[in-house]
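Here is a structure to read through questions and answers. Each answer sets a value against its cut-off.

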Amino acid sequence: MIYLRGILIGFAFVAPIGMQNIYMFNNALSNKMSKALLYNFLVWFCDALFSFAAFYGIGALISANEIVKIIVMLIGGALTSYIGFNIIRSAKQTAIGSDSRKQTLKQALMTALIVSWGNPQAMIDGTMMLGASRATLTFEQSILFITGVITASFIWDHGITIGFNLLRDKLPKKFLLAINLISGIIVAVYGLYLILTGITEIH
């Protein structure tokens, strides 16, 4: 039951449409299955580490240290905006040809880290959500619970990637272009929002 509770909480944690899910949609529609699954695994792995960190309270440490929080917001916002602008810049190329947006494994790993760890507010919120559950569990139960959370993340991320990738060849090219443009704009604007939030936090 503890494991199943972790799965339910895990789905609630990863299901809302945010920067990471937008990147997952874009990845599934822009790459062939093998590459999409590889990039997806990197995102899931970074997200699993993020869940561990949130579960064990690192978000509370960031929230408690104003300087660290501001630095993380500014750097995370800048990197997030960079990803968004790159998606916009390559949107037309991606929509024209299959698997046309080339990305090295190192770049894919860096992107996975940014979309998972680039939002300090998500870590703080995650700490509140997952940390509250941890407070009611024994050490053994906490292992089962966080394993359930990570299982839900794995199912969600891989389900999105496989489902959207199977559909991508049936979708019109203009739709793929629109998805890329919308994804890029949302990610870029969110990055700018993080930067502005970080600046306003400076006293």
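## Rings, cores and helices

W44 is buried, at 15% relative accessibility. The model is a predicted one.

Q: Why is W44 called buried?
A: Its relative accessibility is 15%. Buried means under 20%. W44 therefore counts as buried.

Q: What makes the pair of W44 and F154 edge-to-face?
A: The ring centres lie 5.2 Å apart, and the planes stand at 85°. Rings pair if their centres are within 6.5 Å, and planes over 60 degrees apart count as edge-to-face. Both conditions are met, so the pair is edge-to-face.

Q: What does the pair of W44 and F154 tie together?
A: W44 lies in helix α3, and F154 lies in helix α9 (residues 139-167). The pair therefore ties together parts that are 110 residues apart in sequence.

Q: Why is F154 called partly exposed?
A: F154 has a relative accessible area of 37%. Buried is under 20% and exposed is over 50%, with partly exposed in between. So F154 is partly exposed.

Q: Why is the pair of F41 and W44 called tilted?
A: The centres are 5.6 Å apart, with 40° between the planes. Under 30 degrees would be stacked, and over 60 would be edge-to-face. The angle fits neither, so the pair is tilted.

Q: How are F41 and W44 placed along helix α3?
A: They sit three residues apart in α3 (residues 33-55), which means that about one helical turn separates them. F41 is partly exposed, at 38% relative accessibility.

Q: Which residues do the ring pairs link into a cluster?
A: F41, W44 and F154. The structure holds three aromatic pairs.

Q: How do you know that T161 is buried?
A: T161 has a relative accessible area of 0%. The cut-off for buried is under 20%, so T161 qualifies. T161 belongs to helix α9. Residues in contact with T161 include M24, N27 and A28. Also among them are A36, L37 and N40.

Q: What makes the reach from T161 to D157 a polar contact?
A: The side chain of T161 comes to 3.0 Å from the backbone oxygen of D157. The limit for a polar contact is within 3.5 Å, so the distance fits.

Q: How many residues does the largest nonpolar core have, and which element gives the most?
A: This core has 17 residues. Helix α2 gives the most, with five residues. Among those with the most contacts inside the core are Y23, V43, I83 and V115. V115 itself touches Y23, V43 and I83, along with M19 and Q20. A second, separate core has 14 residues and includes W44, A48, F55 and F145.

Q: How are the packed helices α3 and α7 described?
A: Two packed helices are described by the angle and the distance between their axes. The axes of α3 and α7 come within 8 Å and cross at roughly 35°. The crossing is right-handed. On the α3 side, the residues that meet α7 include L38, Y39, L42 and V43. On the α7 side, the residues include L105, A108, L109 and V115.

Q: Why is T200 called exposed?
A: T200 has 60% relative accessibility. Exposed means over 50%, so T200 counts as exposed. T200 is found in helix α10 (residues 173-200). Its C-alpha atom is 9.1 Å from that of I70, although 130 residues separate the two along the chain.

Notes
Residues are numbered from 1 along each chain as its sequence is written. This is a predicted model: local features need pLDDT of at least 70, side-chain atom pairs count only at pLDDT 80 or more; totals for chains, interfaces and linings use all residues. Side-chain values use heavy atoms; hydrogens and water are left out. Rings of Phe, Tyr and Trp (its six-membered ring) pair if their centres lie within 6.5 Å; planes under 30 degrees apart count as stacked, over 60 as edge-to-face and the rest as tilted. Helices (H or I, at least four residues) and strands (E, at least two) are DSSP runs, numbered from the N terminus. Buried means under 20% relative accessible area, exposed over 50%, partly exposed in between (1.4 Å probe, protein chains only). A polar contact is a pair of N or O atoms within 3.5 Å; within protein, one must be able to donate a hydrogen and the other to accept it, and residues adjacent in sequence count only if both atoms are side-chain atoms. Contact means heavy atoms within 4.5 Å. A nonpolar core is a set of buried Ala, Val, Leu, Ile, Met, Phe, Trp, Tyr and Cys residues joined through side-chain atoms within 4.5 Å. Axes are lines fitted to C-alpha atoms, for helices over the stretch in contact, and angles run from 0 to 180 degrees between N-to-C directions. A crossing is left-handed if the near helix is turned anticlockwise from the far one by less than a right angle, and right-handed if clockwise. Lists of a residue's contacts leave out its neighbours within four places in sequence.
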